[in-house]
Amino acid sequence: MSQKNIIITGITSGIGTEIAIDLAKRGHKINLVARSEESGNKIKDLITKKTGNNDIHVYKCDLSLQKEIHEFVTNFKKQNNGLDILINNAAIIPNKKIITNEGNEMQFAVNYIAPYLLSRLLLDLLKNNAPSRIVNTSSTAHTGGNLNVNDFQKLNEKYNMRGWGRYLDTKLQLTMDTVELSKELEGTGVTCNAVHPGFVNTNLGRQFTPKFMRPINKLLSLFILSPKGGADPIIEVALSNKYEKVSGQYFHRFKQKDVSKKVFDKEVSNKLSEYTKSIVK
Ligand SMILES: NC(=O)c1ccc[n+]([C@@H]2O[C@H](COP(=O)([O-])OP(=O)(O)OC[C@H]3O[C@@H](n4cnc5c(N)ncnc54)[C@H](OP(=O)(O)O)[C@@H]3O)[C@@H](O)[C@H]2O)c1
């Protein structure tokens, strides 16, 4: 396989670190998007040490802020004319409602707006290298999402289930956008798919897990997937020849599966798209 130019978000821990190591091992050019240079460079050093690949690049970007996303893309475009694969993998489950200095709820901003905006801002580079792919790390959690068309960020509602409730919403929004974007991309050679990596032992739930649950979680972690196990289906959808023309699909690990019917609710989907366009700069 020829060398691919790949962007991965959410690389400082869990599934993202393992995606980056695996793809670097295969000799691809890896662009790591990290909240800080320091945390990104730590992973860059680890990857280079483990794989011998020196074509690893770090970009600082706090994905909760559109301003930083624009700065990252501008920077990236100064050094790259094309992009083969964008893996939107970062996500967060904060235990309390945090409003960013741009006025958006943090989880909505990182888990939904960031992949939405990154995919659009990088589309010209993806088209330059078509056939190319966008892979969104979604979750089976999308089935539990419950969107309020009058308040997609639920700014006027209590933060429920220690943030977990909002997580379900953001994964539904991301899965809806995967399907919407794939329609917009028809005929361009750029595909867009969503993958549920499985139930994986990572840092994701650390903030919302109550202290008393932590020993139980440690025990549970012995029975769930390792981060590498979670990374594997995402790598497969990003690289495998058999998915070159597959778009707008949802993978439950390695299996193409129907998404929740909620994803195809036209009225909600149109309103979400309208609302998103109104707040994305
Ligand atoms: N673990 C599971 O069982 C599971 C199941 C289904 C889906 N998923 C999905 O898998 C993906 C990876 O999650 P994970 O389980 O590997 O969790 P994780 O270990 O917590 O990794 C999350 C990554 O996102 C990054 N991130 C969060 N907020 C950010 C921000 N504002 N700016 C830049 N980066 C930010 C984190 O960086 P920092 O180190 O800077 O915080 C970290 O690198 C997520 O999309 C998650 O929803 C996970």
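Modeller: A residue counts as near the ligand if its C-beta atom, placed from the backbone, lies within 6 Å of it, and the structure discussed here is a predicted model.

Colleague: How many residues surround the ligand, and which are the closest?
Modeller: The closest residues to the ligand are Gly10, Gly14, Ala90, Ala91 and Thr202. By type, the shell around the ligand divides into eleven nonpolar, 13 polar and two charged residues. In total, the number of residues that surround the ligand is 26.

Colleague: Which helix gives the most to the shell around the ligand?
Modeller: The helix in question spans residues 14-25 and contributes three residues to that shell. Its name is α1.

Colleague: Which helix gives the most to the largest nonpolar core?
Modeller: In soluble globular proteins, nonpolar side chains tend to be buried together. Here the largest nonpolar core has 69 residues, and those with the most contacts inside it are Ile8, Ala20, Leu32 and Ile87. The helix that gives the most to this core, with ten residues, covers residues 106-121 and is α4.

Colleague: Why are Ile69, Phe72 and Phe76 on the same side of α3?
Modeller: Helix α3, which runs over residues 66-79, has 14 residues and reaches 20 Å from its first C-alpha to its last, close to the 20 Å expected. Ile69, Phe72 and Phe76 are buried in α3, whereas Thr74 and Lys78, on the other side of the helix, are exposed. An α-helix has 3.6 residues a turn, so residues three or four places apart point the same way. The three buried residues are on the same side of α3 because, around the axis, they cover an arc of only 65 degrees.

Colleague: What do the buried residues of α3 pack against?
Modeller: Two of the partners are strands, namely β2 at residues 29-34 and β3 at residues 56-60. Together with a helix, the complete answer is β2, β3 and α4.

Colleague: Is Lys277 buried or exposed?
Modeller: Lys277 has its place in helix α9, which covers residues 266-279. A residue is exposed if 12 or fewer other C-beta atoms lie within 10 Å of its own. Lys277 has 10 such neighbours, and therefore it counts as exposed.

Colleague: Which peptide bond is cis, with omega near 5 degrees?
Modeller: Most residues other than glycine have a negative phi, and most peptide bonds are trans. The cis bond leads into Pro131, a residue placed in the loop between α5 (123-128) and β5 (132-137). The bond asked for runs from Ala130 to Pro131.

Definitions and conventions
Residues are numbered from 1 along each chain as its sequence is written. This is a predicted model: local features need pLDDT of at least 70, side-chain atom pairs count only at pLDDT 80 or more; totals for chains, interfaces and linings use all residues. Helices (H or I, at least four residues) and strands (E, at least two) are DSSP runs, numbered from the N terminus. Ala, Val, Leu, Ile, Met, Phe, Trp, Tyr, Cys and Pro count as nonpolar, Asp, Glu, Lys and Arg as charged, and the others, Gly among them, as polar. A nonpolar core is a set of buried Ala, Val, Leu, Ile, Met, Phe, Trp, Tyr and Cys residues joined through C-beta atoms within 7 Å. A residue is buried if 20 or more other C-beta atoms lie within 10 Å of its own, exposed if 12 or fewer, and partly exposed in between; C-beta atoms are placed from the backbone. The expected span of a helix is 1.5 Å times one less than its number of residues. The arc is that of the directions from the helix axis to the C-beta atoms. Two residues are in contact if their C-beta atoms, placed from the backbone, lie within 7 Å.
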